[in-house]
Amino acid sequence: MAKLRITLEKSTAGRKANQIATVKALGLKKIRDVVEHEDNPQIRGMVNTVSHLVKCEEI
């Protein structure tokens, strides 16, 4: 199964509560933090919600 590498590119300061919670649920805390998750519909939906804040690439 493919994996996704997700990087927090922009700050969550001043964002909506659901976007902040989504970034936190992905395991990202600071700008330039990188996490890897299995590619599944749940993670894809979370990345889609905060796509303007993160960079996502398949590995």
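Q: Which backbone oxygen does the side chain of T22 reach?
A: In this predicted model, the side chain of T22 makes its reach at 2.7 Å. T22 itself has its place in helix 1. The backbone oxygen in question belongs to N18.

Q: Is T22 buried or exposed?
A: Let's check the number: T22 has a relative accessible area of 14%. Anything under 20% counts as buried. Leaving aside residues up to four places away in sequence, T22 touches M46, T49 and V50. So, going by its 14%, T22 is buried.

Q: Why do the buried residues of helix 1 line one face of the helix?
A: Helix 1 covers residues 17-26, and its buried residues are Q19, T22, V23 and L26. Look down the helix axis and these buried residues line one face, because they fall within an arc of 95°.

Q: Which residues are exposed on the other side of helix 1?
A: The buried residues, Q19, T22, V23 and L26, have cover, which includes strand 1 (3-8), strand 2 (34-38) and helix 2 (41-49). Over on the other side of helix 1, the exposed residues are A17, K24 and A25.

Q: What pattern does the chain follow along the sequence?
A: There are two helices and three strands to place. Read along the sequence, they give β-α-β-α-β.

Q: What is the radius of gyration of the chain?
A: For 59 residues the globule rule gives 10 Å, and the chain comes close to that, so it is as compact as a globular protein of that length. Its C-alpha trace spans about 35 × 20 × 15 Å along the principal axes. The radius of gyration is 10 Å.

How values were computed. Residues are numbered from 1 along each chain as its sequence is written. This is a predicted model: local features need pLDDT of at least 70, side-chain atom pairs count only at pLDDT 80 or more; totals for chains, interfaces and linings use all residues. Side-chain values use heavy atoms; hydrogens and water are left out. Buried means under 20% relative accessible area, exposed over 50%, partly exposed in between (1.4 Å probe, protein chains only). Helices (H or I, at least four residues) and strands (E, at least two) are DSSP runs, numbered from the N terminus. The arc is that of the directions from the helix axis to the C-beta atoms. Contact means heavy atoms within 4.5 Å. A polar contact is a pair of N or O atoms within 3.5 Å; within protein, one must be able to donate a hydrogen and the other to accept it, and residues adjacent in sequence count only if both atoms are side-chain atoms. The radius of gyration is taken over C-alpha atoms; the globule rule is 2.2 Å times the number of residues to the power 0.38.
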